Amino acid sequence: TNDVPPFSGVNRVGSGLKVTLVPLLFALPMTFRSVLFTPRSNSGLTSTRPAVYHLLLDPSELNPSGDLGNNVTVYRRGTFIYNGEVFDNVRIRHHGQSSLGTPKKHWKIDFNKDHRFLTPFADHPEVDNIGLESSYGDKAFLREFLSYKSWIDLGLPGLEMWHVRLYVNGAYRGLYLHEETPNEDWLDRKAMMVGERMQGLE
């Protein structure tokens, strides 16, 4: 099994989940470490499930530093694993502007519509894409987290965030912030109507 432990994830109806294929995806010696790291969101939600995310990508798509190679904003197909559940054939890319030039880049994962991601928190609905913010310029990993927390504390529709550990092809890539995507899922959760949404760029 190339040191990839067996996963007994939930195979939901229509997901087409093939957990037995995961050890055969890439012939790499991997050790998946399950470090206890329980999340707490900026709105106060807590979970007992460790916030440890794994990405599996074709090694030929990665450069020596473990990032995607050329055309970093082009989606690649890969596998996302969380809490024993395997999400196969998801779309993965980097995102951002000036952050694309930093050693630690943001990640974006798009899930299949028939197998959406269930966050660590019981009160959250499933989502079809997530963003992982590197916080490269914030060594405390708190500025963005506390900014949205202040927004939420004021009763305004801020984005939910929590800290996660990220592994890519079995290699630890560091601490990241899982940032809720302000899309239709977010609007539904906040009971807001679909309207114009603007994103600030650097």
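In this predicted model, asparagine 169 counts as buried, at 12% relative accessibility, because the limit for a buried residue is under 20% relative accessible area. Asparagine 169 lies in the loop between strand 8 and strand 9, and its phi is positive, about 50°, although the residue is not a glycine. The two strands on either side of this turn form a hairpin, with two residues between them. Strand 8 and strand 9 pair in the antiparallel sense, over eight bridges; within this pairing, valine 164 has tyrosine 176 of strand 9 as its bridge partner.

A second asparagine with a positive phi is found in strand 3, where asparagine 89 has its place. The phi of asparagine 89 is near 60°, again a positive value in a residue other than glycine. Asparagine 89 is partly exposed, with a relative accessible area of 41%, a value that falls between the limits of 20% for buried and 50% for exposed residues. When residues up to four places away in sequence are not counted, asparagine 89 touches Arg77, Gly78, Thr79 and Asn112. For one of these, threonine 79, the C-alpha atom is separated from that of asparagine 89 by 5.7 Å, while the two residues stand ten residues apart along the chain.

Taken as a whole, the secondary structure of the protein comes to three helices and nine strands, and along the sequence these elements follow the pattern α-β-β-β-β-β-β-β-α-β-β-α. Seven strands make a closed barrel, which runs 1-2-3-4-7-9-8 with mixed pairing. Neighbouring strands of this sheet are turned against each other by 40° on average, direction ignored. Strands of a sheet pair through backbone hydrogen bonds, in either the parallel or the antiparallel sense. Within the barrel, strand 3 (residues 85-95) and strand 4 (residues 106-110) run antiparallel and are joined by five bridges, and arginine 91 has aspartate 110 in strand 4 as its bridge partner. Helix 2 (residues 143-153) packs on the sheet, where it touches strand 7 (129-133), strand 8 (161-168) and strand 9 (171-179), and the direction of this helix makes about 150° with that of strand 8. Two of the strands touched by helix 2, strand 7 and strand 9, pair in the antiparallel sense over three bridges, and glycine 131 stands opposite glutamate 179 in strand 9.

Aromatic side chains were examined next. The structure holds twelve aromatic pairs. Phenylalanine 111 and phenylalanine 117 form one that is stacked, with 5.3 Å centre to centre and 10° between the planes; the pair is classed as stacked because its planes are under 30 degrees apart. Both members are buried, phenylalanine 111 with a relative accessible area of 5% and phenylalanine 117 at 0% relative accessibility. By contrast, tyrosine 167 and tyrosine 172 form a tilted pair, with 5.2 Å centre to centre and 50° between the planes. In this tilted pair, tyrosine 167 counts as buried at 3% relative accessibility, whereas tyrosine 172 is partly exposed, with a relative accessible area of 36%. Ring pairs also link Phe111 and Phe117 with Tyr53, Phe80, Tyr82 and Phe87 into a cluster.

Charged side chains are also placed over aromatic rings. Arginine 91, the bridge partner of aspartate 110, lies over the face of tyrosine 75, at 3.9 Å from the ring centre. Lysine 139 lies over the face of tyrosine 136, at 4.1 Å from the ring centre.

For the protein as a whole, buried residues make up 47% of the 202 residues. Of the contacts with a separation of 6 or more, 58% are accounted for by residues 24 or more positions apart. The confidence of the prediction should be kept in view when these values are read: the mean pLDDT of the protein is 75, and 70% of its residues reach 70 or more. Over residues 1-35 the pLDDT is below 50, and this stretch has 70 contacts in the model beyond near neighbours in sequence.

How values were computed. Residues numbered from 1 in each chain as written. Predicted model: local features only at pLDDT ≥ 70, side-chain atom pairs only at ≥ 80, totals over all residues. Heavy atoms only, no water. Phe/Tyr/Trp six-rings, centres within 6.5 Å; stacked < 30°, edge-to-face > 60°. Buried < 20%, exposed > 50% of the residue type's maximum accessible area, 1.4 Å probe, protein only. Lys NZ or Arg CZ within 6 Å of the ring centre and 35° of its normal. Pairing = 2+ DSSP bridges. Helix = DSSP H or I, 4+ residues; strand = E, 2+ residues; numbered from the N terminus. Axes fitted to C-alpha atoms, helices over the stretch in contact; angles between N-to-C directions. Contact = heavy atoms within 4.5 Å. pLDDT = per-residue confidence, 0-100.
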